[in-house]
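Reader: Hi! I have a new structure open and would love a friendly tour. Could you walk me through it?

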Amino acid sequence: MADFAGSSDASVDQAALDALAELATPTVTAALGKLGFDFAYATGINPLAPPEGGRMVGRARTVRFIQKREDLVKAQYADLESSPHRSALESVEPGEVMVIDARGCLEAAVVGDIFTRRVQARGGLGIVIDGVCRDITAIREVGLPLYARGVHGQGIDRRLMSVGSQEPVQIAEVAVMPDDIVLGDGDGVVVIPPHAVEEVIAEASTHEELEVWIREEISAGRGSLHTHYPPNAEVLAEFEAWQRAQGRGPLGREFRL
């Protein structure tokens with residue numbers, strides 16, 4: 001991954017991961033947009049087995065599939081230990097999220113409940129698929145978060161073959177490098193370059209605190225959409241005064257919907 005020094009060469013500690021786990025994917029997506037990352041949210045990849053704690057946060061372990069070629073699929077299944085996707089599943093490290101580029105294929109499930117159980121047993125924190133899974137009822141019983149485009153009853157070799165792991169992949173319109181940070185919640189999945197994590201936390205935390213305050217003001221009847229969403233200068237000044245009363249610094253950042 002030396003050619004992608006901006007991504008995997010940066011380390012993210014547990015404190016930063018814990019901070020991300022307090023933030024919502026829409027807020028983080030907006031923060032990434034302000035920082036120049038316009039393709040970070042995985043459109044169409046939905047929480048089929050949502051995180052029980054509200055958030056899934058971990059480092060990406062990638063797997064890539066292509067359209068199957070019959071002779072190569074036959075050889076791959078003749079030696080299961082050489083299969084890239086099986087090797088990736090058996091290599092999952094604690095704290096990782098399996099990110100699977102299945103080309104958006106809706107006609108061949110790349111994960112079922114047995115594979116899901118293996119990821120969980122190895123300490124994996126979730127699975128994200130640009131494609132489909134099967135056994136979703138059983139997967140929900142496992143308790144491991146899973147995001148995908150849908151479900152299908154038939155397996156991988158109907159349409160796909162795995163060709164690589166721990167290499168750059170694409171899910172939806174999002175480029176994912178190994179060790180990128182993957183955040184998932186009920187709103188979907190967003191991918192964060194490791195070197196941008198601290199800036200994202202700073203931007204998103206302030207934005208989220210502002211939105212909490214705005215919700216309270218709107219609910220109490222002290223504002224309207226015209227003045228508070230987005231907040232005008234007077235409302236921002238009120239918020240900053242509230243922040244100072246709480247012992248925190250001023251907003252100092254642009255608010256966008």
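Reader: How much of the chain is buried?

Author: Of the 257 residues in the chain, 47% are buried. Keep in mind that this is a predicted model.

Reader: Thanks! How many helices and strands are there?

Author: The chain has nine helices and twelve strands. Its C-alpha trace spans about 70 × 40 × 30 Å along the principal axes.

Reader: And what share of the contacts links residues 24 or more positions apart?

Author: Such pairs account for 75% of the contacts with a separation of 6 or more.

Reader: Let's go to the outside. What is the accessible surface of the chain?

Author: The accessible surface comes to about 12,100 Å², and carbon and sulfur atoms contribute 49% of that.

Reader: Which residues make a nonpolar patch there?

Author: Ile-218, Leu-225 and Tyr-229 do, and their patch covers about 270 Å².

Reader: Where does Tyr-229 lie?

Author: Tyr-229 is in the loop between α8 (225–228) and α9 (233–245). Its relative accessibility is 34%, so Tyr-229 counts as partly exposed.

Reader: Now charges, please. How many are positive and how many negative?

Author: The chain has 24 positive and 39 negative charges, and the mean positions of the two sets are 6 Å apart.

Reader: Which residues form a negative patch on the surface?

Author: That patch is formed by Asp-13, Asp-18, Glu-22 and Glu-198. Asp-18 belongs to helix α1 (residues 14–20). With 42% relative accessibility, Asp-18 counts as partly exposed.

Reader: How many salt bridges turn up in the whole structure?

Author: A search of the whole structure gives twelve salt bridges. One of them pairs the side chains of Arg-55 and Asp-185, at 3.8 Å from N to O.

Reader: Which parts does the Arg-55 and Asp-185 pair tie together?

Author: Arg-55 sits in the loop between β1 (46–49) and β2 (56–67), while Asp-185 is in strand β11 (residues 181–185), so the bridge ties together parts 130 residues apart in sequence.

Reader: Are those two partners buried or exposed?

Author: Asp-185 is buried, at a relative accessible area of 2%. Arg-55, at 27% relative accessibility, counts as partly exposed.

Reader: Nice. What does Arg-118 form a salt bridge with?

Author: Its partner is Glu-90, and the closest N and O atoms of the two are 2.8 Å apart. Arg-118 is in helix α5 (residues 113–121) and Glu-90 in the loop between α4 (84–89) and β3 (96–101), so this pair ties together parts that are 28 residues apart in sequence.

Reader: What about the accessibility of Arg-118 and Glu-90?

Author: Arg-118 has 33% relative accessibility and counts as partly exposed. Glu-90 has 42% and also counts as partly exposed.

Reader: Which residue does Glu-217 meet in a salt bridge?

Author: Glu-217 meets Arg-222, with their side chains 2.9 Å apart from N to O.

Reader: Why does Glu-217 count as buried?

Author: Its relative accessible area is 10%, and buried means under 20%. Arg-222, by contrast, is exposed, with a relative accessible area of 53%.

Reader: One last thing: which residues do shared salt-bridge partners join into a network?

Author: Glu-107, Arg-158 and Arg-159 are joined into one network that way.

Key: Residues numbered from 1 in each chain as written. Predicted model: local features only at pLDDT ≥ 70, side-chain atom pairs only at ≥ 80, totals over all residues. Heavy atoms only, no water. Helix = DSSP H or I, 4+ residues; strand = E, 2+ residues; numbered from the N terminus. Buried < 20%, exposed > 50% of the residue type's maximum accessible area, 1.4 Å probe, protein only. Contact = heavy atoms within 4.5 Å. Areas by Shrake-Rupley, 256 points an atom, 1.4 Å probe, with all protein chains shown as cover. Lys, Arg positive; Asp, Glu negative; His and termini not counted. Charge placed at Lys NZ, Arg CZ, Asp CG, Glu CD. Patch = residues over 30% accessible without salt bridge, like charges linked within 9 Å, V, L, I, M, F, W, Y side chains within 5 Å. Salt bridge = Lys/Arg side-chain N within 4 Å of Asp/Glu carboxyl O.
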